[in-house]
Amino acid sequence: MTPLCHLAEKYGTDKFSKHRYTQIYFELIGARAASVWHVLEIGIKRGASLRMWEEFFPRAAILGIDSKHKNLITEGRIRSAWGDQSRPSTLVAAVEGAGPFDLIVDDGSHAAWHQTTAMVTLIHYLAPGGVYVIEDVKHGPNDQPETIVAQVPAEFESRMVLTTAEWDSGLLVIQRR
Ligand SMILES: C[S@@+](CC[C@H](N)C(=O)[O-])C[C@H]1O[C@@H](n2cnc3c(N)ncnc32)[C@H](O)[C@@H]1O
C-alpha cells in the first residue's frame with residue numbers, strides 16, 4: 001500500500017478499497033506532491049477524497065465540484081462550487097479564478113458523455129505537466145472508451161489503465177504530449 005492508499009482508507013473514499021486507483025495516482029504524481037498547487041475533482045459526495053487530497057498534497061488548494069448543493073463543503077484548503085458536468089458553462093463558472101490545475105479528477109456521474117463534456121471543457125485548465133484522470137471508465141463489450149478518447153485534443157495523449165478485473169474500474173489518464 002502506498003501512503004495515498006492509507007489516506008484513502010483513513011478518509012473513507014473507495015479510491016483504494018474498491019478500485020485500487022490510489023496506487024496509480026501515487027505513481028503519476030506522488031513524487032511531486034509537495035509542488036502540487038491546485039487540484040480539482042468533480043464529484044464530492046461526503047468529501048472523503050477531497051480530504052485525502054488535502055492531506056496528501058501539503059500545499060495545494062483543493063476545489064470540488066458537485067451538482068448537489070448539499071455536498072458542497074468548505075474547510076481548511078478545500079473549497080467547492082456547484083456545477084453540472086453535462087453543462088460546460090456551469091463548469092467554467094465553477095473554476096473561475098482557480099487553477100491552473102496540476103491534477104483534475106472526474107469522479108462525478110460516470111456517464112461517458114458527461115465524462116467527455118467535462119474533459120473537453122476542463123482540460124484547458126490543466127497546468128504544464130498536469131494530469132487529467134477520468135475514473136470508472138467502462139470498458140465492457142457494450143462500452144466504448146474510444147468515444148471519449150476521440151475527443152481528446154491533439155496536443156494531449158491518453159491511455160487506459162485497468163486496475164481491477166471489474167468492467168467499470170478503468171482510469172483514462174490524459175497528459176500533454
Ligand atoms: C462517486 S461520488 C464522489 C465520491 C468522492 N469523489 C470520493 O471519492 O469520496 C459521485 C458524486 O458525483 C456527483 N455528481 C453526479 N452527477 C454529477 C454531475 N452531472 N455533475 C457534477 N457532479 C455530479 C454526485 O452528487 C456525487 O456526489
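In this predicted model, the largest pocket encloses about 580 Å³ of space. Its lining is made up of 30 residues, and those that lie nearest the centre of the pocket are Gly 43, Ile 44, Lys 45, Asp 107 and Gly 108. Sorted by class, the lining of the largest pocket comprises 14 polar, eleven charged and five nonpolar residues. Several elements of secondary structure contribute to this lining, with at least two residues supplied by each of the helices α2 (14-17) and α4 and by each of the strands β2 (61-66) and β5 (126-137).

The ligand is located in this largest pocket. The shell around the ligand consists of 20 residues, and Thr 13, Gly 43, Lys 45, Asp 66 and Asp 107 are the closest of them. Gly 43, Lys 45 and Asp 107 thus appear both among the residues closest to the ligand and among those nearest the centre of the largest pocket. By class, the shell around the ligand divides into ten polar, seven charged and three nonpolar residues. At least two residues of this shell come from the strand β1 (38-42), and at least two from the helix α4 (48-56); α4 likewise supplies at least two residues of the lining of the largest pocket.

Polar contacts between side chains and the ligand involve both nitrogen and oxygen atoms of the ligand. A distance of 2.8 Å separates a nitrogen atom of the ligand from a polar side-chain atom of Asp 107, the residue that is also listed among those nearest the centre of the largest pocket. For Ser 49, an N or O atom of the side chain is placed 3.0 Å from a nitrogen atom of the ligand, whereas for Asn 71 the partner of the polar side-chain atom is an oxygen atom of the ligand, at 3.1 Å. Of the 610 Å² of accessible area that the ligand has on its own, 84% is covered by the protein.

Two features of the backbone were also noted. Most peptide bonds are trans, and most residues other than glycine have a negative phi. Against this background, the peptide bond that joins Gly 99 and Pro 100 is cis, with omega at about 0°; Pro 100 belongs to the loop between the helix α5 (88-95) and the strand β4 (101-106). Arg 20, a residue other than glycine, has a positive phi, with a value near 60°, and is found in the loop that lies between α2 and α3 (21-29).

Notes:
Residues are numbered from 1 along each chain as its sequence is written. This is a predicted model: local features need pLDDT of at least 70, side-chain atom pairs count only at pLDDT 80 or more; totals for chains, interfaces and linings use all residues. Side-chain values use heavy atoms; hydrogens and water are left out. A residue is near a molecule or strand if one of its heavy atoms lies within 4 Å of it. A polar contact is a pair of N or O atoms within 3.5 Å; within protein, one must be able to donate a hydrogen and the other to accept it, and residues adjacent in sequence count only if both atoms are side-chain atoms. Accessible areas come from the Shrake-Rupley method with a 1.4 Å probe; for residues, only the protein chains shown count as cover. On a 1 Å grid over the protein atoms alone, a cavity is a set of points where a 1.4 Å probe fits but cannot get out, and a pocket is an open set with protein on both sides within 12 Å along at least five of seven lines; lining residues have an atom within 4 Å of a point. A molecule sits in a cavity or pocket if more than half of its atoms lie within 2 Å of its grid points. Helices (H or I, at least four residues) and strands (E, at least two) are DSSP runs, numbered from the N terminus. Ala, Val, Leu, Ile, Met, Phe, Trp, Tyr, Cys and Pro count as nonpolar, Asp, Glu, Lys and Arg as charged, and the others, Gly among them, as polar. Grid points are joined across faces, edges and corners, and a volume is the space filled by probe spheres set on the points.
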